[in-house]
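Here's a walk through one protein model, with an eye on strands, rings and one helix. Have the viewer open while you read.

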Amino acid sequence: MDKENSDASSKPADLKVSIVCVISIQVVSVPGRLPGRRLPRKPIGKARPKKQSTKRAPFWNFQNKIILFTVFLFILAVIAWTLLWLYISKTESKDAFYFVGMFRITDVEFLPEHRQKESREFLSVARTVQQVVNLVYTTSAFSKFYKQAVVADVSSNNKGGLLVHFWIVFVMPHAKGSIFCEDCVAAILKDSIQTSIINRTSVGSLQGLAVDLDSVVLNDKGCSQYFYADHSSLRYPLEVSATSGQLMCHFKLVAIVGYLIRLTIESVQLEADSCVTDSLTIYDALLPIRSMVLYRLCEPTRALMSFVSTNNLMLVTLKSPYIRRLSGIRAYFEVIPEQKCENTVLVREITSFEGKISSPYYPSYYPPKCKCTWKFQTPLSTLGIALKFHNYAITKKGAKGCEHGWWEINEHMYCGSYMDHQTIFRVPSPLVHIQLRCSSRFSDKPLLVEYGSYNISQLTIKPACDVTHFWQPGPLVCDGFQDCENGQDEHNCTQSIPCTNKTFKCDNDICFKKQNARCDGIVDCPDGSDEDSCSCSRTSSSLHRIVGGADSQEGAWPWQVSLHFVGSAYCGASVISREWLLSAAHCFHGNRLSDPTPWTAHLGMYVQGNAKFVSPVRRIVVHEYYNSQTFDYDIALLQLSIAWPETLKQLIQPICIPPAGQKVHSGEKCWVTGWGQRHEAGNKGSPVLQQAEVELIDQTLCVSTYGIITSRMLCAGVISGKRDACKGDSGGPLSCRRKSDGKWILTGIVSWGHGCGRPNFPGVYTRVSKFVPWIHKYVPSLL
Ligand code: 4AZ
């Protein structure tokens with residue numbers, strides 16, 4: 001700071017020199033002419049002798065007066081300008097820019113003395129690093145603004161060598177501050193190392209200092225903090241919040257060597273926009289390296305969640321550049337020992353669940369690349385092992401890798417996936433060897449599995465499922481738990497009471513007397529279906545559609561949306577409110593596709609490219625249980641950046657969301673629409689919006705065709721196969737008209753199928769009625 005002040009005063013000193021120069025001209029030139037003023041005036045009217053007048057003109061004549069006056073004005077202007085300049089340069093504000101950074105010196109061994117700021121060891125490292133950083137920046141493009149570097153800390157780390165934490169200060173006029181960027185300042189430091197990299201290691205020489213290039217971090221100070229935690233029984237708080245301005249925080253957490261860091265998040269406040277602007281990112285490193293992301297939070301939460309590092313380091317970044325309400329984080333971190341997850345379990349003879357196993361560091365999210373083994377043994381060869389997975393299921397591994405855990409059970413491979421209910425897996429062997437590998441690149445949700453023995457001979461009891469290996473002991477059918485993969489155990493479970501033409505029929509087939517119960521503002525049905533979807537489209541001019549897959553009529557499907565990815569039609573979607581669309585999760589699977597930025601939604605469109613309204617996509621919410629292997633939970637919500645205007649309500653209309661648990665009837669006729677391919681073999685979409693009438697197909701029949709059809713799927717098509725959805729239609733609507741009130745219901749979302757239009761292979765759709773609470777969680781305004 002002192003240095004800053006002394007340097008700031010050096011500029012005005014330079015200016016003073018130039019002012020003295022200007023004034024000195026004034027002093028020398030002006031007084032030499034002034035005595036002429038005192039010459040006696042000649043009497044008016046008296047003729048001057050001719051000779052005298054030609055010899056010497058009077059000094060105080062008109063011409064000289066003009067010259068003198070001009071010189072005087074000039075000097076006055078110079079003085080005024082100089083004073084003005086002096087004033088401006090003196091009052092111009094200067095900003096100090098602080099950067100926090102760190103790097104690892106690889107060839108110096110850490111000693112406990114390095115932690116003491118007064119020790120010779122610390123001072124020696126600090127002096128060397130300060131000199132090196134001075135050299136780097138005083139020879140850089142920012143040399144004019146560079147002030148100093150201060151070493152704040154020297155610590156150990158799991159990779160060896162010393163981790164040096166330092167501050168760098170730059171001072172520059174406020175107006176020039178915008179040229180400063182974190183990346184530029186960091187690049188100068190990194191480039192100085194890169195030039196000397198030899199032998200393909202990341203270690204290079206920084207002015208003679210052996211520095212690991214990968215360890216270099218340099219950040220704008222903002223709310224950056226460095227924490228060193230050396231007590232394993234303490235909770236270190238991590239809190240920051242703001243109601244305006246911006247937050248760009250970096251919390252570097254370092255624990256004692258040999259330990260790990262557990263970060264527990266109590267609440268996070270940020271703007272939910274799929275991490276386009278706001279995000280909370282947890283890295284398994286001290287650098288914001290993309291491949292080291294443990295977890296990313298893109299929306300506010302109050303749910304307690306915790307994450308564990310794989311090393312003694314963690315970086316938490318909070319980004320909220322345009323705070324509108326409140327942004328911030330309330331969390332704490334702890335130092336925890338590494339846990340082994342290996343166990344041998346002797347299961348007792350009683351045939352019930354008797355114990356639990358869990359993912360590492362349960363109930364924290366488990367870290368990537370973990371490996372657990374469990375050996376189970378039952379006391380009798382007639383007893384096998386039953387595993388009850390909480391909100392999780394395992395299925396035989398296919399050709400693809402597993403996204404949420406690989407399971408090897410007695411040498412058979414399975415992939416895990418999350419779901420909204422428990423599943424039971426039985427292994428008909430008294431000796432079971434299980435290995436779990438956390439395949440995810442990121443931290444994943446904690447797993448809890450109950451275990452127990454079961455009588456292998458009872459395996460032959462007829463299960464409620466036709467095509468599955470999973471079931472639950474006890475009441476299987478209609479117990480509210482979906483035990484079968486295909487959900488068959490929970491189908492046809494609604495009890496009906498006699499209905500007449502004088503009764504009102506709820507969507508779950510319960511009837512009661514009140515005939516005009518629909519949308520009267522009073523909930524009469526136990527499932528609320530009489531008051532469901534009261535603000536969606538009733539009108540549609542689609543009564544004269546061409547059967548068999550043909551051009552639709554313009555305006556017939558006002559909820560149909562075309563989703564464009566980087567300018568090209570990619571998927572379909574349906575309008576469900578002024579700012580929300582419903583589509584398929586698989587349209588957004590993958591790094592680039594899950595980012596909302598390249599997507600645009602085209603509404604009120606008939607011919608491709610001629611939309612009545614186009615909006616960028618602000619946020620994509622993919623269902624958290626979406627399974628890219630089985631296409632289960634294939635549903636996603638999209639929030640528009642701009643709500644479509646009321647003035648377009650003739651051309652754009654929302655479709656109704658079905659009531660939760662809506663029963664559909666096989667044989668019911670519905671319509672599938674989209675700009676997708678017209679033939680399986682083609683490779684381009686249709687320019688005009690196509691429509692095809694299809695029939696809802698019996699679930700059991702569909703299961704017998706495809707095998708795994710979960711209760712979140714439904715099938716529709718025609719036996720001939722001629723009418724079907726195809727590539728490019730995905731995410732688009734399967735619209736069914738409700739007879740009771742003529743409203744159009746979004747019964748399905750185009751999801752998958754075996755080819756397109758093949759006989760006996762109907763299209764598979766996401767069963768929207770299974771997702772009503774999930775939709776309401778994000779779109780509460782939907783009635
Ligand atoms: C697809 O690839 C796709 N025939 C969509 C629907 C169907 C098949 C494929 C159903 O987007």
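## Strand E21 and its neighbours

Strand E21 (residues 412-418) has five of its seven residues buried, so the rest of the structure largely encloses it. Keep in mind that this is a predicted model, where local features need pLDDT of at least 70, side-chain atom pairs count only at pLDDT 80 or more, and totals for chains, interfaces and linings use all residues. Residues are numbered from 1 along each chain as its sequence is written, and side-chain values use heavy atoms, with hydrogens and water left out.

Some vocabulary before going on. Buried means under 20% relative accessible area, exposed over 50%, and partly exposed in between (1.4 Å probe, protein chains only). Helices (H or I, at least four residues) and strands (E, at least two) are DSSP runs, numbered from the N terminus. Two strands pair if DSSP finds at least two bridges between them.

So who sits beside E21? Strand E19 (residues 392-396) pairs with E21 in the antiparallel sense over five bridges, and Tyr392 has Tyr418 as its bridge partner in E21. Strand E20 (residues 406-409) is also antiparallel to E21, over four bridges, with Trp407 opposite Tyr414. The hairpin of E20 and E21 has two residues between the strands, and Asn410 there takes a positive phi near 45°.

Further along the chain, there's another antiparallel run to look at. Strand E31 (residues 599-603) is joined to strand E32 (residues 613-622) by four bridges, and Leu603 stands opposite Phe613. E32 also pairs with strand E33 (residues 636-640), antiparallel over five bridges, where Val617 faces Leu640.

## Rings and charges

Rings of Phe, Tyr and Trp (its six-membered ring) pair if their centres lie within 6.5 Å; planes under 30 degrees apart count as stacked, over 60 as edge-to-face and the rest as tilted. On that basis the whole structure holds 34 aromatic pairs. Two of them are set out here.

| Pair | Centre to centre | Angle between planes | Type |
|---|---|---|---|
| Tyr137 and Tyr146 | 5.6 Å | 15° | stacked |
| Tyr295 and Tyr365 | 5.1 Å | 70° | edge-to-face |

Tyr295 lies in strand E11 (residues 293-297), while Tyr365 is in the loop between strand E16 (353-358) and strand E17 (371-377), so this pair ties together parts 70 residues apart in sequence. Tyr365 is buried, at 10% relative accessible area. In the stacked pair, Tyr146 is buried at 7% and Tyr137 is buried at 0%.

Back around E21, one aromatic cluster is formed by Trp374, Phe389, Tyr392, Trp407 and Tyr418. Tyr418 also has Lys445 over its face, 4.6 Å from the ring centre. Arg426 does likewise with Tyr454, at 4.8 Å. The test for a charge over a ring is NZ of Lys or CZ of Arg within 6 Å of the ring centre and within 35 degrees of the ring normal.

## Helix H4

Which residues of H4 are buried? They are Phe122, Val125, Ala126, Val129, Val132, Val133, Val136 and Tyr137. Seen down the axis of H4, they fall within an arc of 135° (taken from the directions from the helix axis to the C-beta atoms), so they line one face of the helix. An α-helix has 3.6 residues a turn, so residues three or four places apart point the same way. Exposed Arg120 and Arg127 are on the face of H4 turned away from its buried side.
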